[in-house]
Structures are given as C-alpha cells and as structure tokens.
Amino acid sequence: MDSLPAQDAQSPEQVVRLHDAATGLDGVVVLHSTRLGPAAGGCRFWSYPDADAAGEDALRLAQGMSYKNALAGLPLGGGKAVLRRPEGAFDRAALFRAFGDAIGQLGGRYITAEDVGTTVGDMAEVARRTRHVAGLPPQPGRPGGDPSPWTALGVFRAMQAAAEHRLGRPIGDCTVAIQGLGSVGAALAGLLHEAGARLIVAEPRSAVAAAVATRTGADIASLAAVLEARCDIFAPCALGGVLTARTIPRLRAAIVCGAANNQLGCAADGDALAERGVLYAPDYVANAGGIINVCAEYLGWGQAEVAARIAGIPDRLRQVWAEADRAGIAVNRAADRLARATIAQGRLPEMVAS
C-alpha cells in the first residue's frame, strides 16, 4: 500500500495505491476530505482498462462523497475505494480480506461500504480484518445491510419534490424513464409503480428488464432510446457521465433526477441543462439515502434517524434550487458552492444537522 501526496489545494488529502499480488487486489483509495469527519464512501469493484482509469473514477467519486456527506448533514468527510476486478479466476473472499487489511492501516480515516460491484458478503470479509466498514448484515432494530433500498427511497423522495417544484403535480401523474435496473434502479421502479407513475425502463440485461416490466407494467426501451423517451423525469441509475454535450440535446424530459453518481460529464453540462429549462436534482443530494444508512450503522444511530434524514432530502434540494435562483447559476454549481462552503467551515450548519 503506497500513499501518494496531494499535489495542490484542489487535490484530495490522500491517495493510497493498493496492490497485493497474492490475491489480485489492485486499486486505489482516495480520501478527498476529512474536515467534517472520517472519509466515508463505498468500494467500487469494476473492470477498468488500466490503473489510470480506476484512479480517475476514484477521484471523481471521492469528491462527490465529500459534497454528498456535507449537504446530507453527516459528520463524515468524503472518500472512495475503487478496485479493479481481476481477469480470470480469483479468490474473492481473500481479495476483500486483503482490502480490509489495507483499510485497517488507514487507522479509521476511511470508512468503506458497498458500491457498484460489491455486496454485503464482501463487506463481511472486510470486517474480518477491520472495524472501519459498514453495510454489514443488519442487527435487530439497527440500520445495516445493503444500503441500496435507502438510496432508492431518497431518490424517490427527491423525484416527488422535483415533480411538485417543476411540474406542479404529484409523482403518480408523471412518466419516469429509468436508465439502469441494478439494485437501486429496480427498487426505485417498484416505489414509482406503487405511487402510480408510468414507467419506461432500459437495462442491458434483457431478463432483468423483462422482470421489472412484468412487475411494474413498464415499457422497455434500449439504453440509447431511453434518453429520447417522451417522459417527465429522466432517471440515470447506471454508471456516470451520461449527460454530455452529445446526449443533453436529445432529452425530452423536464426533470433529471436519478441515482447514478457523477451524472454530468462536466460542470458545463449542468449549464446546458439549465439553458434547456431542465430541472436538475444534483445526484449527490438526491442519492444520499445509502450513505445516510451507512453513517447510521457505523455511528450506532437508530432506524428512525435514518428515515428522518432521508425525509429531509426534499428540503435540501429546495435549498439548492433556491440558491441557484438567487445566484443566477446552474443547479449543479449552486450545490457545489453550498457543499464547499460547508466543508470549508469545518462544521455542519444548523439548517441541515439534526
């Protein structure tokens, strides 16, 4: 495990390179900020073409976690682990135990949990080597387990707020196009169906798409066509970078609100959404439900605290939208401004702390 120094004031506090030839562990942990508390963020396990690609993803995701945790009012900084999935056969349990050894060496400065490609079982292996992990099997009356249902609930609450704010009608009277039906996307589809919304779904795994469509009555679109679907809300729920100069002109939705991290290709893409009159729910505000549950598990809060903080997501979104209107800037820039101010102060403002 090698620690690389930060390069300038905009850099993360610490970048730690992970490598263990015996288990195939290969990745990076980025600690973006610990001003508000230990850096917290999940572990992504994915097939990256090279170490540079994994590192770039980790840097973007870690910054997003700093901003997410700050605006969620959590006593946590931001960090992320990104591991490259080995080619060929490997001992998954041994790899995640080696990852746990690496996390333990950080002395509590980083707390890990599930993210794309990792499971409760993986975190249980990590927990065999360090206590600085969440997303473990839940105990009676205590938060824990897979945080994705809580992420989905937070996004659903965010969509309700966005529909009322932009369209003046309830979510049950809206059409929502969901791109990606992983754990969060599928759970979100269920919540929307229960609320009466019409659904359009896109997912590369045809069997998964068919199962969700059967359960919810959704129409199925291709991953490309869903961007152009006639809908009220477009919900990116797969990997990031889907909203770019190439794709934004194809959108027909009035609102973008989804669970994916880093939905914008760059900050200017948020400007483009604003210029088109599309209301954006910044991803790290809308999808904070999962990290709220992780924080509660790690700090010993009860489930009522989790529910109360997720119920506060609409108010935090309205705060961001109000700041964008006040400053005359795009919503993503307003959210970043508020998050940076909170981190710079080194304390949580009363308006978002419980």
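**Salt bridges, aromatic pairs and a cavity**

Arg60 pairs up with Asp57 in a salt bridge, with 3.6 Å between the closest N and O atoms; the term covers a side-chain nitrogen of Lys or Arg within 4 Å of a carboxyl oxygen of Asp or Glu. The model is a predicted one, so local features need pLDDT of at least 70 and side-chain atom pairs count only at pLDDT 80 or more, while totals for chains, interfaces and linings use all residues. Residues are numbered from 1 along each chain as its sequence is written, and side-chain values rest on heavy atoms, with hydrogens and water left out.

Both partners of that bridge sit in helix H1 (residues 51-71), three residues apart, or about one turn of the helix. Helices (H or I, at least four residues) and strands (E, at least two) are DSSP runs, numbered from the N terminus. Asp57 is buried at 11% relative accessible area, whereas Arg60, at 44%, is partly exposed; here buried means under 20%, exposed over 50% and partly exposed in between, with a 1.4 Å probe and protein chains only.

Next comes a bridge between Asp115 and Lys80, whose closest N and O atoms are 3.0 Å apart. Asp115 lies in the loop between strand S7 (110-111) and helix H3 (120-127) and Lys80 in strand S6 (residues 77-84), so this pair ties together parts that are 35 residues apart in sequence. Lys80 is buried, with just 2% relative accessible area, and Asp115 counts as buried at 19%. The two bridges also belong to a bigger picture: Arg44, Asp57, Arg60, Lys80 and Asp115 are linked in a network of salt bridges.

Another bridge joins Arg205 to Glu203, with the closest N and O atoms 2.6 Å apart. Glu203 is buried at 12% relative accessibility, while Arg205 is partly exposed at 44%. Across the structure the salt bridges number 20.

Turning to the rings, a search of the whole structure finds four aromatic pairs. Rings of Phe, Tyr and Trp (its six-membered ring) pair if their centres lie within 6.5 Å; planes under 30 degrees apart count as stacked, over 60 as edge-to-face and the rest as tilted. Phe45 and Phe90 make an edge-to-face pair, 6.0 Å centre to centre with 70° between the planes. This pair links distant parts of the chain, 45 residues apart: Phe45 is in strand S5 (residues 43-46) and Phe90 in the loop between S6 and helix H2 (92-104). Phe45 is buried at 2% relative accessibility, but Phe90 is partly exposed at 25%.

Phe45 also pairs edge-to-face with Phe96, at 5.2 Å centre to centre and 70° between the planes. With Phe45 in strand S5 and Phe96 in helix H2, the pair ties together parts that are 51 residues apart in sequence. Phe96 is buried, at 0% relative accessible area. Ring pairs link Phe45, Phe90, Phe96 and Phe99 into a cluster.

Lastly, the structure holds one cavity of 30 Å³ or more. On a 1 Å grid over the protein atoms alone, a cavity is a set of points where a 1.4 Å probe fits but cannot get out, and lining residues have an atom within 4 Å of a point. The largest cavity has a volume of about 60 Å³, a volume being the space filled by probe spheres set on the points, which are joined across faces, edges and corners. Among the residues lining the largest cavity are Leu61, Lys80, Asn261 and Tyr284. H1 gives the largest share of this lining, four residues.

Conventions. 1 Å grid on protein atoms, 1.4 Å probe; cavity = no way out; pocket = protein on both sides within 12 Å on 5 of 7 lines; lining within 4 Å.
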